[in-house]
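Welcome to a short tour of a protein and the ligand it holds. Have the sequence and the 3D view at hand, and follow along as we go from the ligand outwards.

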Amino acid sequence: MASTDLMDKIVSLCKRRGFIFQSSEIYGGLANSWDYGPLGVELKNNVKQAWWKRNVHGRDDMVGLDAAIFMHPNTWKASGHLDTFNDMMVDCKDCNKRLREDHIEDNTCPDCGSSNFTEARPFNLMLDSYLGPVRDESGRTYLRPETAQGIFVNFKNILDSTSRKLPFGVAQIGKSFRNEVTAGNFTFRQREFEQMEIEYFCHPDQADKFFEEWIENRFQWYKDLGIRTENLQLRKHEDDELAHYAKGCTDVEYKFPFGWSELEGIAHRSDFDLKQHSQHSGKELIYRDPFTNEVFTPYVIEPSGGVDRGMLAFLVDAYHEEEVDGKPRTVLKLHKDLVPTKVAVLPLLKKNTEVVELCQKIKNDLIKDMTCTYNDTAAIGKLYRRQDEVGTFYCVTVDVDSLEDNQVTVRDRDSMAQERVALDQLKQYLRNKFED
Ligand code: GAP
């Protein structure tokens, strides 16, 4: 399938089945902004939950944080974002289109084909706002362009309140905002997006070791959640593409239909941020080793991923078209921990009230343990196809025999194999399937 066809199909499925809608669509939409629909929000929450489970609850050297989006404006002076968080932009002198210099191919304007560009100028990506009753410079503040700074400014609070010893990390998931000017590629590049970031604090001598460990660890996470290895790669940044704070950086990239692109960056931030905040705030952000009494500014390794980009990669990788008995079948082979709905309960005969009542009873029982839905809006073949298309892991079908033998049919999404399971065993049977 051509890559543009695949992307079009995914965008269409996302809208049709309630994963992702264009923001404020009834007004013509807003560039680079997307809304997550009923199934999309479930998938997105599952991506975040899987990340939190692995990186916070699954380790004893990590804690979580949820910092405010608005921060003191000096934060962004200290972090370097106000001075250096820029894209280099050019204008096409013939059609006036403004473009990112690094996105221009063959020195040609994608709109009019001209090569007549202005000199490149820095364009700051920070979005600002005004807080308080008067709209002047004194109330000017910024929407955070990364969640990371909320962690750095809380370093001392976390150290004092948890008595943590190095090495330890702080994890945070939250919205970030950037005035991106390049549109396209669905949810890949947005102005408002969510990040999943870790700042891992350690002794400077151990930073290189943890940098390598985190690169491996983060690459493995995407694989463990079902992304095919051949669609993932690591890419080390050249020195001239490093962000202003980074000593080194390696990206985890996914082979999207529009080309290899960044899912997550793992950066070696050295002691840049803690030292900058210390200098600008006048507060000491240091660590005293309780065993050696050595006093130093910790180094930081930062795995920084995007929730929206991760979700898009999971969707693209899961999308399959197959032919079954001469008929097309679209199936989202999402990992069991990510599927929006784990189980659908379906009646074989929706006109039989006893069958429908039994379905409802089963659904009401299962829903206490797992995401579960009931649907009777079509014939069974169509119901199966609809559930396949949104990745539902199992379908439980109730027929008239179920009323006599107290058994139901459980259908597996991927193999389509069907098994009769006793009603009193059903919940445990499904629980076992969803266990790690
Ligand atoms: N704190 C480091 C930092 O923010 P980054 O490479 O600029 O680094 C990290 O961003 C991740 O955030 C990216 O790998 C990507 O997944 C996500 N991200 C960044 N800009 C984005 C955008 N405009 N839309 C969606 N996701 C974005």
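## Around the ligand

Of the 21 residues around the ligand, those that come nearest are Glu146, Arg178, Gln190, Glu197 and Glu262. Please keep in mind that this is a predicted model. Sorted by class, the shell around the ligand has ten charged, six polar and five nonpolar residues.

Here are three places where N or O atoms of the protein and atoms of the ligand come together.

| Residue | Part of the residue | Ligand atom | Distance |
|---|---|---|---|
| Arg178 | side chain, N or O atom | oxygen | 2.8 Å |
| Gln190 | backbone, N or O atom | nitrogen | 2.8 Å |
| Glu302 | side chain, N or O atom | nitrogen | 2.9 Å |

How much of the ligand does the protein bury? Taken alone, the ligand exposes 550 Å², and the protein buries 91% of that.

Which strands each supply at least two residues of the shell? They are strand 10 (192-202), strand 13 (259-270) and strand 16 (299-306). The largest share comes from strand 13, with five residues.

## The seven-stranded sheet

Those strands lead us to a sheet. Seven strands form this open sheet, in the order 3-9-10-16-13-12-11, and the pairing is mixed. At its edges are strand 3 (62-65) and strand 11 (232-236), each of which pairs on one side only. On average, neighbouring strands of this sheet are turned by 25 degrees against each other, direction ignored.

In general, strands of a sheet pair through backbone hydrogen bonds, either parallel or antiparallel. For strand 9 (residues 168-177) and strand 10, the pairing is antiparallel and spans ten bridges. To find one such spot in the view, look for Ala171, whose bridge partner in strand 10 is Ile198.

Two helices can be placed against these strands. Helix 6 (residues 155-162) lies across strand 3, strand 9 and strand 10, and runs at about 140 degrees to strand 9. Helix 9 (residues 307-318) packs on the sheet too, touching strand 9, strand 10, strand 12 (248-256), strand 13 and strand 16. The direction of helix 9 makes about 35 degrees with that of strand 12.

## The five-stranded sheet

Now for another sheet. Five strands form an open sheet in the order 20-19-21-22-23, again with mixed pairing. Strand 20 (372-374) and strand 23 (418-422) stand at the edges with a single partner strand each, so one side of each has no neighbour in the sheet. From one strand to the next, the twist averages 25 degrees.

Strand 22 (residues 407-412) and strand 23 run antiparallel and are joined by five bridges. Within this pair, Gln407 has Ala422 of strand 23 as its bridge partner.

Helix 11 (residues 380-389) packs on the sheet, where it touches strand 19 (343-347), strand 20, strand 21 (394-398), strand 22 and strand 23. Its direction makes about 170 degrees with that of strand 19. Helix 13 (residues 426-434) lies across strand 19, strand 21, strand 22 and strand 23, running at about 165 degrees to strand 21.

## Two backbone details

Most residues other than glycine have a negative phi, and most peptide bonds are trans. Two spots are worth finding with that in mind.

Leu166 and Pro167 are joined by a cis peptide bond, with omega about -5 degrees. Pro167 has its place in the loop between helix 6 and strand 9.

Asn96 is not a glycine, yet its phi is positive, at about 70 degrees. Look for Asn96 in the loop between strand 4 (86-91) and strand 5 (98-100).

Note on methods
Residues are numbered from 1 along each chain as its sequence is written. This is a predicted model: local features need pLDDT of at least 70, side-chain atom pairs count only at pLDDT 80 or more; totals for chains, interfaces and linings use all residues. Side-chain values use heavy atoms; hydrogens and water are left out. A residue is near a molecule or strand if one of its heavy atoms lies within 4 Å of it. A polar contact is a pair of N or O atoms within 3.5 Å; within protein, one must be able to donate a hydrogen and the other to accept it, and residues adjacent in sequence count only if both atoms are side-chain atoms. Accessible areas come from the Shrake-Rupley method with a 1.4 Å probe; for residues, only the protein chains shown count as cover. Helices (H or I, at least four residues) and strands (E, at least two) are DSSP runs, numbered from the N terminus. Ala, Val, Leu, Ile, Met, Phe, Trp, Tyr, Cys and Pro count as nonpolar, Asp, Glu, Lys and Arg as charged, and the others, Gly among them, as polar. Two strands pair if DSSP finds at least two bridges between them. Axes are lines fitted to C-alpha atoms, for helices over the stretch in contact, and angles run from 0 to 180 degrees between N-to-C directions. Contact means heavy atoms within 4.5 Å.
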